Amino acid sequence: MRDKIQKILSDIEVFNAETKDSLEKFRIEYLSKKGVIAGLFNDFKQVAPEMRKEMGIMLNDLKTRAQNIIDEQQKKFENTQTATESVDMTMPVESVSGTIHPLTIVRNEINTIFERLGFVISEGPEIEDDFHVFSALNFPPDHPARDMQDTFFVTKAPDVVLRTHTSSVQVRAMEKGKLPIRIIAPGRVFRNEAISARAHCIFHQIEGLYIDENVSFADLKQTLYHFVKEFFGEDTKVRFRPSYFPFTETSAEMDISCKICGGKGCNVCKHTGWVEILGCGICDPNILKSSGIDSEKYTGFAFGMGIERIAMLKYQINDLRLFFENDIRFLKQFEQA
């Protein structure tokens, strides 16, 4: 019996529990009523009388040592309860205070307004080819927007770029040839620009496209008037200015009265009282032709706006960088938005 006790003592001394389950198995194996040590106490009855004192002391020491090992190793699991052990999964979920990012709030509100006008949300890839970003939109090969200072080109692939606008989504919609087309294309875009209070190398756009028979500039203006009045309020002033874009003719930019200074002048409106919020125009016939659309039968309009610019005006924010810095003090302001 002496050899059995010493062998068991050697085994338990080197035991190291990896989990609570393995520690429980150890306890059952050695200290339960049918365990190894209980079996040795049963065998103790067969020990010769002159050996009982010595064997009795060894058995009690073995049992005590086994219990001490369990107690010592139990400590490392006391503060490491698993989620299922520490949480009653049948209890109702506690309310969690959180917030939707202001850019997401604004994007969803813009989407909703145009969806009520019959526009459908359309999406496309952020990594695009030259054709869909430039060529199909009437950008000649030497256009300044193709220059490295404006566009991020994918390494080792000079004809693959990070899209500079979501107009590429419009091109893909036109290529499908399912007319009429009435879509809005929200998404993230990239331009190689210096980061400042008014600009960033990453920003978000929503562009719209409507192609059908007899679409006019009047349709474009009334659509955008409706958007501005519903989003910014009935008292918002609007003006259109002639402009130029390679993919529209006639082209215009739309300004609204500055919501930050009330038209008095600030750094956001460059002290003019007006803020440009979008570009728009009638689709150039060449754009329709390049996508296989009969430009003699169909006309259309397109527009595009930056979500950051709209959000700055809505919430009277004067620094665009706040949208990207994840400052909890800034984001908490939108918990009830």
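Here are some questions and answers about this predicted model.

Me: Which strands stand at the edges of the open sheet?
Reply: Start with the order of the 7 strands, which is β1-β4-β5-β9-β8-β7-β6, with mixed pairing. Each edge strand has a single partner strand, so one side of it is left without a neighbour in the sheet. That description fits β1 (120–121) and β6 (238–242).

Me: How many bridges join β1 to β4, and which residue is the bridge partner of Ile121 in β4?
Reply: β1 and β4 run parallel, and 2 bridges join them. As for Ile121, its bridge partner in β4 is Ile184.

Me: What angle does the direction of helix α9 make with that of β8?
Reply: Helix α9 covers residues 217–232 and packs on the sheet. It touches β6, β7 (248–257), β8 (274–283) and β9. Its direction and that of β8 make an angle of about 150°.

Me: Strand β5 sits between β4 and β9 in the sheet order, so to speak; how many bridges join β5 to β9?
Reply: On one side, strand β4 (residues 181–190) runs antiparallel to β5, with 10 bridges between them; Phe190, for instance, has Ile202 as its bridge partner in β5. On the other side, strand β9 (residues 299–306) is antiparallel to β5 too, and Asp212 has Thr299 as its bridge partner there. The number of bridges joining β5 to β9 is 8.

Me: How many residues of β5 are buried?
Reply: Strand β5 spans residues 202–212, 11 residues in total. It's mostly covered, and the buried count is 8.

Me: Is Ile287 buried or exposed?
Reply: Ile287 is found in helix α10 (residues 285–290). Leaving out residues up to four places away in sequence, it touches Ala136, Leu137, Asn138, Met174 and Phe247. Its relative accessible area is 4%, and anything under 20% counts as buried. So Ile287 is buried.

Me: Which side chain of opposite charge is nearest to Arg163?
Reply: Arg163 lies in the loop between β3 (160–162) and α8 (167–175). Its contacts include Gly124, Pro125, Glu126, Val189 and Phe190. Arg163 is buried yet has no salt bridge; a salt bridge would need a nitrogen–oxygen distance within 4 Å. The nearest side chain of opposite charge is 4.4 Å away, and it belongs to Glu126.

Me: Which residue follows helix α11?
Reply: Helix α11 runs over residues 307–315, and its buried residues are Ile307, Glu308, Ile310, Ala311, Met312 and Leu313. What covers them includes α6 (102–116), β5, α9, β7, β8 and β9. After the helix comes a residue with a positive phi, near 55°, and that's Gln316.

Me: What kind of aromatic pair do Phe323 and Phe330 form?
Reply: A search of the whole structure turns up 18 aromatic pairs. For Phe323 and Phe330, the centres are 6.0 Å apart and the planes are at 75°. Planes over 60 degrees apart count as edge-to-face, so this pair is edge-to-face.

Me: What is the relative accessibility of Phe330?
Reply: Phe323, its ring partner, is buried with a relative accessible area of 3%. Phe330 counts as buried as well, and its value is 7%.

Me: Which Tyr belongs to the aromatic cluster?
Reply: The cluster includes Phe114, Phe119, Phe227, Phe231, Phe232, Phe301 and Phe303. Along with those, there's Tyr210.

Note on methods
Residues are numbered from 1 along each chain as its sequence is written. This is a predicted model: local features need pLDDT of at least 70, side-chain atom pairs count only at pLDDT 80 or more; totals for chains, interfaces and linings use all residues. Side-chain values use heavy atoms; hydrogens and water are left out. Helices (H or I, at least four residues) and strands (E, at least two) are DSSP runs, numbered from the N terminus. Buried means under 20% relative accessible area, exposed over 50%, partly exposed in between (1.4 Å probe, protein chains only). Contact means heavy atoms within 4.5 Å. Two strands pair if DSSP finds at least two bridges between them. Axes are lines fitted to C-alpha atoms, for helices over the stretch in contact, and angles run from 0 to 180 degrees between N-to-C directions. Lys and Arg count as positive and Asp and Glu as negative; His and the chain ends are not counted. Rings of Phe, Tyr and Trp (its six-membered ring) pair if their centres lie within 6.5 Å; planes under 30 degrees apart count as stacked, over 60 as edge-to-face and the rest as tilted.
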